[in-house]
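Q: I'm new to this one, could you walk me through it? I'd like to start with the ligand and then look at the protein as a whole.

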Amino acid sequence: MTFHDSDCPAILGGVPVCADGAPAWPRADESVREVLRTMIHSGDWGRYHGPHVPELCRQLAEYHAVEHVLVCCSGTSAVELALRGVGVQEADEVILAAYDFKANFQNVLHLKATPVLVDLDPVTWQLDPNRLESAITSKTRAILVSHLHGGVVAVPHVREIADSRQIAIVEDACQNPGAMLFGRRSGTWGDVGVLSFGGSKLLTAGRGGAILTSRMEIAERIKRHVLRGNDAYPLSEIQAAILRPQLDQLDDLNERRRNAVFRLAPLLRSNSLTPLQLPTRDVLPAYYKLGFRYCPEDAKGLPRDLFVEAVRAEGIAMDPGFRANHLIHGSRRFRAAGELHVATQADAQMLTLHHPVLLEDESVIGAIVAGIKRICEHAGEIALHDSAGGTRG
Ligand SMILES: *Cc1c(COP(=O)(O)O)cnc(C)c1O
């Protein structure tokens, strides 16, 4: 089959709609460049101590309106430290969603505690607070709540349950720093909150993480673990220095990303892609990934992974979501609290669009929609092309 017009999807030989590929991250940022120039001259780039780490902690504390901020070497270590901070120990249980960042599951195991997996809310595809009561036992030490793919866990409901049972919440805000959830910043609904400064994240230093809490005993317990005559999980001065101007810009950039999602969402919905979360009166999301539900039935049966391959061929940074933890780990490593049907569905149907494109102008948003539209229109041919050995050879 041949095409002679702009309707031909790139995977079938057409010209990609985003011919230059997905935009790079991090973006060129004059304020970061300026900080680095100054550090090169002063030699601060190579020193153990300086003003930037304490100043970043102060800025993060003020921004989130929390008492204590500790910075560390990654979001993964921040989750580990947060779990330690709320006292998770061997033989404890930690409740988390079956669909979650793999390292969150592993962190629970690392502390020799048992991950107790609960299902997702069928509408939001985030941890379902209605599943918590029946998951709680006398061993439950903490609930680990992650806001994923621009979506938002109903944290006030989780807070209510945790308070009534005196269980701690660790809130993973790695994917939505700066989001406003029901009147509070993401990461401040938990007894302790966690941020990541990894290389793809909205605030990036290549690596790094932070822990937010207003509870002195949690901060003290973490410090006792981390400070062994020296900081065992340090964030460097140079990392802290480049994060400070990014934090200053976070609200503006989150707003721009929300505006792009607002424009993109109705256009994509008409092509069978439903975003997980749009801004509402109660929720101003932050989009690190924009999560979508994909229904193959709506795209002539085109399997999700082939759909992703076709979208990526257009120069668009789309990926499948996470693997659900109950599907990739042996059943002896966790306890399933009830059925995990929605998490299984999310494992099979989640799609995510990477955030850098959300800061691009209108023409790029238009190109994305055009690319996805033509893939949906030619879904049948793409499926045939693949089964004939097409792109995957
Ligand atoms: C990125 C991320 C983390 C932490 O990742 P690091 O690369 O270790 O900073 C934790 N949780 C979620 C949900 C994430 O997306």
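**The ligand and its surroundings**

A: By class, the shell around the ligand is made up of three nonpolar, six polar and two charged residues, and please keep in mind that this is a predicted model.

Q: Which residues surround the ligand?

A: The ligand is surrounded by Ser74, Gly75, Thr76, Phe101, Leu148, Asp172, Cys174, Gln175, Ser196, Lys201 and Gly208.

Q: OK, and what is the distance from a nitrogen atom of the ligand to the side chain of aspartate 172?

A: A nitrogen atom of the ligand lies 2.6 Å from an N or O atom in the aspartate 172 side chain. For glutamine 175, an N or O atom of the side chain is 2.9 Å from an oxygen atom of the ligand, and for lysine 201 a polar side-chain atom is 3.1 Å from a ligand oxygen atom.

Q: How much of the ligand's accessible area does the protein cover?

A: On its own the ligand has 380 Å² of accessible area, and the protein covers 90% of that.

Q: Which pocket does the ligand sit in?

A: The ligand sits in the second largest pocket.

Q: Switching to the whole protein, how many helices and strands does it have?

A: The protein has 13 helices and 15 strands. Its radius of gyration is 22 Å, close to the 21 Å that the globule rule gives for 393 residues, so the protein is as compact as a globular protein of that length. The C-alpha trace spans about 70 × 55 × 40 Å along its principal axes.

Q: What about the backbone, where is there a cis peptide bond?

A: A cis peptide bond, with omega of about -5°, joins tryptophan 25 and proline 26, and proline 26 is in the segment before helix H1 (30–42).

Q: And what is the phi of alanine 65?

A: Alanine 65 is not a glycine, yet it has a positive phi of about 55°; this alanine 65 is found in the loop between helix H2 (52–64) and strand E1 (68–72). As background, most residues other than glycine have a negative phi, and most peptide bonds are trans.

Methods. Residues are numbered from 1 along each chain as its sequence is written. This is a predicted model: local features need pLDDT of at least 70, side-chain atom pairs count only at pLDDT 80 or more; totals for chains, interfaces and linings use all residues. Side-chain values use heavy atoms; hydrogens and water are left out. A residue is near a molecule or strand if one of its heavy atoms lies within 4 Å of it. A polar contact is a pair of N or O atoms within 3.5 Å; within protein, one must be able to donate a hydrogen and the other to accept it, and residues adjacent in sequence count only if both atoms are side-chain atoms. Accessible areas come from the Shrake-Rupley method with a 1.4 Å probe; for residues, only the protein chains shown count as cover. On a 1 Å grid over the protein atoms alone, a cavity is a set of points where a 1.4 Å probe fits but cannot get out, and a pocket is an open set with protein on both sides within 12 Å along at least five of seven lines; lining residues have an atom within 4 Å of a point. A molecule sits in a cavity or pocket if more than half of its atoms lie within 2 Å of its grid points. Ala, Val, Leu, Ile, Met, Phe, Trp, Tyr, Cys and Pro count as nonpolar, Asp, Glu, Lys and Arg as charged, and the others, Gly among them, as polar. Helices (H or I, at least four residues) and strands (E, at least two) are DSSP runs, numbered from the N terminus. The radius of gyration is taken over C-alpha atoms; the globule rule is 2.2 Å times the number of residues to the power 0.38.
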